[in-house]
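Take the sequence and the model below together, and keep both in view while reading. The paragraphs that follow go from confidence to empty spaces and then to single residues.

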Amino acid sequence: MDIGAALKREFSGWKAWQALWMVFSVVVILGVSLYQGDSPAGIIAAVSGVICVILCGMGKLSSYLFGTVNTILYAYMAWLAGYYGDVMLNLLYYFPTNILGWILWSRNMNTAAGAVIMKRMTLRQSLWLLLVCILAVAGYGWFLDLIGGSLPFADSMTTVLSVIAQILMIKRFAEQWAIWIFVDIVSVIMWVSALSGAGASIAVLLMWCVFLANAVIMFVCWYRNSVRPEPGSRDSGRRSGFLEKSGSDTAEEHQEGL
């Protein structure tokens, strides 16, 4: 890949508020974490995670690179805190799906805007999704309780819903952000409770706070700039509009990647 072209693609379409949000988030996490004397692993995990979710919200392919760094280091931090569901989630699921996501997003990019094509679910799909979420959280929470995990059902919520949200992210559905909001709320509670334990990390807690704010912002952006599929259509996602009004809606249609 031409490195110059790749960098130009990743930095195209940025608005002032997006750049400021990125800089603000990273500076806050670095400043507070260094002041508190957090571990290097926790700081790098937090910074790479924040960059990942912001780039993902902007539909940038490079989000998967930062996501891979975050996945490995966050698994280590979760192990120290006793959140075994998060450990398994990151090493056994996020790591391979980061590779899969890179491949599938690269096939569904709006090259003019430098961002992925977005879409959203039908009402029927949303109702089925809700049922699956409830049943899966209950079942996995019971399993984590059996193996002695910390806060098993809260851990189950973040793990199961993260798995589902990651699938929706790979499929480019705006509904992923609604699930991420719930995951982030539970995760903030979990890491607040971990502050008094061996796996305490101010950086990771701040990371989840930024994740939550980012998920709210990006839910609005993605939902506004995506459409439901037409009946009988496999993919009618519209090109990203919150990054750049490129007028490329008449360009060649991209095929569904999954």
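Confidence in this predicted model varies along the protein chain: helix α1, residues 3-11, has the lowest mean pLDDT, at 68, while α6 has the highest, at 90. Over residues 235-258 the pLDDT is below 50, although this stretch has 78 contacts in the model beyond near neighbours in sequence. Where pLDDT is low, the predicted coordinates should not be read in detail. For the protein chain as a whole, the mean pLDDT is 79, and 81% of the residues reach 70 or more.

Next come the empty spaces. Rolling a probe the size of a water molecule over the atoms shows where empty space is left. Two cavities of 30 Å³ or more are counted in this model, and the largest cavity has a volume of about 410 Å³. Its lining is made of 28 residues, and those nearest the centre are Val53, Asn70, Tyr94, Trp180 and Phe211. Two or more lining residues come from each of α3 (40-57), α4 (63-81), α5 (84-106), α7, α8 and α9. Of these helices, α4 gives the largest share of the lining, six residues. By residue type, the lining of the largest cavity has 14 nonpolar, 12 polar and two charged residues.

A pocket is treated separately from a cavity, as it is an open set of points, whereas a probe in a cavity cannot get out. The largest pocket has a volume of about 270 Å³. It is lined by 16 residues, and Ser126, Leu129, Glu175, Ala178 and Ile179 are the closest to its centre. Three helices, α6 (123-146), α8 (176-193) and α9 (202-224), each supply at least two residues of this lining. The largest share, five residues, comes from α6, the helix with the highest mean confidence. The lining of the largest pocket divides into 11 nonpolar, two polar and three charged residues.

Helix α8 contributes to the linings of both the largest cavity and the largest pocket. Which residues does Ser187 contact, leaving aside its neighbours within four places in sequence? Ser187 is found in helix α8, and its contacts of this kind are Thr158 and Trp208. Ser187 counts as buried because its relative accessibility is 1%, and buried means under 20%.

Just before α8 in the chain there is a loop that joins it to α7 (152-170), and Arg172 is found there. What is the sign of phi in Arg172? The angle is near 70°, a positive value in a residue other than glycine. Arg172 is also buried, with a relative accessible area of 1%.

The cysteines come last. How many disulfides does the structure hold? The number is zero. Cys56 shows why a bond is missing in one case: the closest cysteine sulfur to its own is in Cys52, 6.2 Å away, which is too far for a bond. A disulfide would need the two sulfur atoms to be within 2.5 Å. Cys56 is buried, at a relative accessible area of 3%. Cys133 counts as buried too, with a relative accessibility of 9%.

Key: Residues numbered from 1 in each chain as written. Predicted model: local features only at pLDDT ≥ 70, side-chain atom pairs only at ≥ 80, totals over all residues. Heavy atoms only, no water. Buried < 20%, exposed > 50% of the residue type's maximum accessible area, 1.4 Å probe, protein only. 1 Å grid on protein atoms, 1.4 Å probe; cavity = no way out; pocket = protein on both sides within 12 Å on 5 of 7 lines; lining within 4 Å. Points joined across faces, edges and corners; volume = space filled by probe spheres on them. Helix = DSSP H or I, 4+ residues; strand = E, 2+ residues; numbered from the N terminus. Nonpolar A, V, L, I, M, F, W, Y, C, P; charged D, E, K, R; others polar. pLDDT = per-residue confidence, 0-100. Contact = heavy atoms within 4.5 Å.
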